[in-house]
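The exercises below go through one structure step by step. Try each task before reading its solution.

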Amino acid sequence: MRPTMILLGIAVAVFVALPIFIVLPMSFSTSPSLAFPPPGYWLGHYAHFFRDPTWTGPLINSFIVAAGTTLLTMLLVTPAAFTMTRHDFRGKSAINVLLLTPVIVPHIVIAVGYFTYFAKLGLLQTYLGVILAHTCLTSPLAFLTVSAGLKGLDRNYERAAQSLGAPPIVAFFVVTLPVLRAAFLVSALLAFVHSFDETTVALFISGRDVATLPKRMFDAIRLQADPVLSVAATLLFGVVLAVFAASFLRKFFKAGVSR
Amino acid sequence: MTPTKSTPHRPDRLALILLAPLLVFLVVFFLVPLGEVMWMSITEPSFGFGHYGKVLLDPHYRRVVLDTLGTSLMVTTVCVLLAYPLAYVTAQIGGTIGAVLLMLVAMSFWTSFLVRTYAWMIILGNRGPVSELLKATGWDPPPLMLFTRFSSTVALTHILLPIMVMALYAVMRKIDLNIMKAAASLGATPFSAFRNIYFPLSAPGIVSGSTIVFVLCIGFYVTPVLIGSPREQMISGMIGAQIEEFLAFGEASAMAMVLLVVTVAILAVYHRFFGLDKLWG
């Protein structure tokens, strides 16, 4: 391959990754506006973030909503994935379409629906409301991931467990779940992250009472150039950065050992 | 002891019981609110199709629709142009460099839209690095970049680019490079081998990546609202404003339905020719 092509590829990768890093120095900046480079550095915004209940509240709300969503998603999706991967029946393709609709419908469209529907049900500004809405949005990806794992599973493991006297539910917990650990973990992680980051629907239904972190950040961006916002952004990006750095170092270390 | 008599071709009662909760859940908490949007678009405040007439014929609304399609087309095109070389290099080179490039793309993908939008607010802000750079080169005062169509296009491109790279990479990594060697041994120049063999083989990736990016872009709410031009809104921003500022549920719902129909139509065309199952890799 020509070196110019390689350089072009690397340049695009830099364009993909580099802009995000600008939030890191901003969170330590002493400037009250979005001046870059920052005139000085301090930790004041961090102290402010963790002392201000209008920031820590949404942070906690986001954890509650994401945890509830992940649990409910896995409870609904796992049994359904068993039926859909192991059985054929009339209307199956229609059900497949139904299961995937939430990824097809733009979030703003369903947000309009939730805004009025949940008002009638008294679910606006409640944890339950946001969890129910997010579970709909996360279920397709979780379903696809669990299904992919189940399709690759050798069913003889379960048959062996059941022929030894394990009821199906026991066989599931003792055999299927451990064997497909990775698929279930990835699926739960997708649901958690998707719910934690989801903004559009949360904006319309979480209100003030159960405002999630993305809603709080959105309001902070729109209403005033609050520098504390850069702390929230840095924390969110920091988690991603730490996970990737860890996996990179692990690979690097492993490669070093095997050589 | 429960015997496992479920043959793979017919569901027993247990199988239906396992499937039912998710189906009921999605009907009650997804299809019904979606139906609510449809219903409001023709009944709010009174029955009629007036909102659709307005959304489709009023020049103001038509411009919003055209602006949305135009911006999305631009974003999709730039995404293809940028993602193609990156995916190509990543798929061909492999090894450590390939792994690092993929990792940078994945890292961006997993970072919240809001964080990436905020990063562009800093970069394109009037005291940001781009403005300072332009000032240093003598462009003083520098042009206003934030809250324009330019800033939302740049940010949307950056946010959707990882998805395009992944769609292209998924296809390119399956291309057998021996075919290229065969072409070279038969006298093809590298460029003609690329144009006549590699590019057509990678085209399905361009089609599915463009479909996903375009569909996501026309429905994108957060980024255009936060850093786009308030005068040149996109459909989703308009829908949100109708609800939040004017409580005009009928109009907002009609616009939402138009957005939904366009989205479904694009995906249906894709499904007709390629099959939606390929869209997710």
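**Exercise 1. The contact between the chains**

Task: Find how many residues of chain A are in contact with chain B, which helix of chain A gives the most to that side, and how its residues divide by type.

Solution. The model is a predicted one.
- Step 1: Count the residues in contact across the two chains. Chain A contributes 71 residues, and they meet 76 residues of chain B.
- Step 2: Look for the helix of chain A that gives the most to this side. That helix is H6, residues 107-121, with ten residues.
- Step 3: Sort the residues on the side of chain A by type. There are 53 nonpolar, 13 polar and five charged residues.

**Exercise 2. The make-up of each chain**

Task: For chain A and then for chain B, state how many helices and strands there are, what the extents are, and what share of residues is buried.

Solution.
- Step 1: Chain A has 13 helices and zero strands. Its C-alpha trace spans about 70 × 65 × 35 Å along the principal axes.
- Step 2: Of the 259 residues in chain A, 43% are buried. Take the contacts in chain A between residues at least 6 apart in sequence: 73% of them join residues at least 24 apart.
- Step 3: Chain B has twelve helices and zero strands. Its radius of gyration is 24 Å, while the globule rule gives 19 Å for 281 residues, so chain B is more spread out than a compact globule.
- Step 4: The box filled by the C-alpha atoms of chain B is roughly 80 × 70 × 40 Å along the principal axes. Buried residues account for 42% of the 281 residues in chain B.
- Step 5: One pair of residues in chain B shows a separation in both sequence and space. B:Gly187 and B:Gly53 are 134 residues apart in sequence, and their C-alpha atoms are 60 Å apart. B:Gly187 is in the loop between helix H8 (178-185) and helix H9 (190-218) of chain B. It counts as exposed because it has 8 C-beta neighbours inside 10 Å, and the cut-off for exposed is 12 or fewer.

**Exercise 3. Two bent helices**

Task: Take helix H7 of chain A and helix H7 of chain B; for each, compare the end-to-end distance with the expected span, then find where the helix bends.

Solution.
- Step 1: H7(A) has 25 residues, which should span 36 Å at 1.5 Å a residue; the end C-alpha atoms are 34 Å apart, which agrees.
- Step 2: The bend in H7(A) is about 40° and is at A:Thr138; a proline, A:Pro140, follows within four residues.
- Step 3: H7(A) is mostly covered, with 19 of its 25 residues buried.
- Step 4: H7(B), residues 149-172, has 24 residues and reaches 33 Å from first C-alpha to last, close to the expected 34 Å.
- Step 5: H7(B) bends by about 40° at B:Leu160, and the proline B:Pro162 follows within four residues.
- Step 6: Of the 24 residues of H7(B), 18 are buried, and the helix is mostly covered.

**Exercise 4. The nonpolar core**

Task: State how many residues the largest nonpolar core has, which helix gives the most to it, and what B:Met255 is in contact with.

Solution.
- Step 1: The largest nonpolar core has 143 residues. Among those with the most contacts inside it are A:Val112, A:Tyr114, B:Tyr118 and B:Met255.
- Step 2: H7(B) gives the most to this core, with twelve residues.
- Step 3: Set aside the neighbours of B:Met255 within four places in sequence. B:Met255 is then in contact with B:Val55, B:Ile235, B:Met238, B:Ile239 and B:Gln242.

**Exercise 5. Backbone exceptions**

Task: Most residues other than glycine have a negative phi, and most peptide bonds are trans. Where are the exceptions at A:Gln125, B:Leu247 and B:Pro45 placed?

Solution.
- Step 1: A:Gln125 has a positive phi near 60°. It lies in the loop between H6 and helix H7 (127-151) of chain A. Because it has 16 C-beta neighbours inside 10 Å, A:Gln125 counts as partly exposed.
- Step 2: B:Leu247 has a positive phi of about 50°. It lies in the loop between helix H11 (235-244) and helix H12 (249-273) of chain B. With 8 C-beta neighbours inside 10 Å, B:Leu247 counts as exposed.
- Step 3: The peptide bond joining B:Glu44 and B:Pro45 is cis, with omega about 5°. B:Pro45 is in the loop between helix H1 (13-43) and helix H2 (50-57) of chain B.

Definitions and conventions:
Residues numbered from 1 in each chain as written. Chains lettered and ligands numbered in written order. Predicted model: local features only at pLDDT ≥ 70, side-chain atom pairs only at ≥ 80, totals over all residues. Buried ≥ 20, exposed ≤ 12 C-beta atoms within 10 Å, placed from the backbone. Contact = placed C-beta atoms within 7 Å. Nonpolar A, V, L, I, M, F, W, Y, C, P; charged D, E, K, R; others polar. Expected span 1.5 Å × (residues − 1). Bend = angle between axes of the 7 residues up to and from the residue. Rg over C-alpha atoms; globule rule 2.2 N^0.38 Å. Core = buried A, V, L, I, M, F, W, Y, C linked by C-beta atoms within 7 Å.
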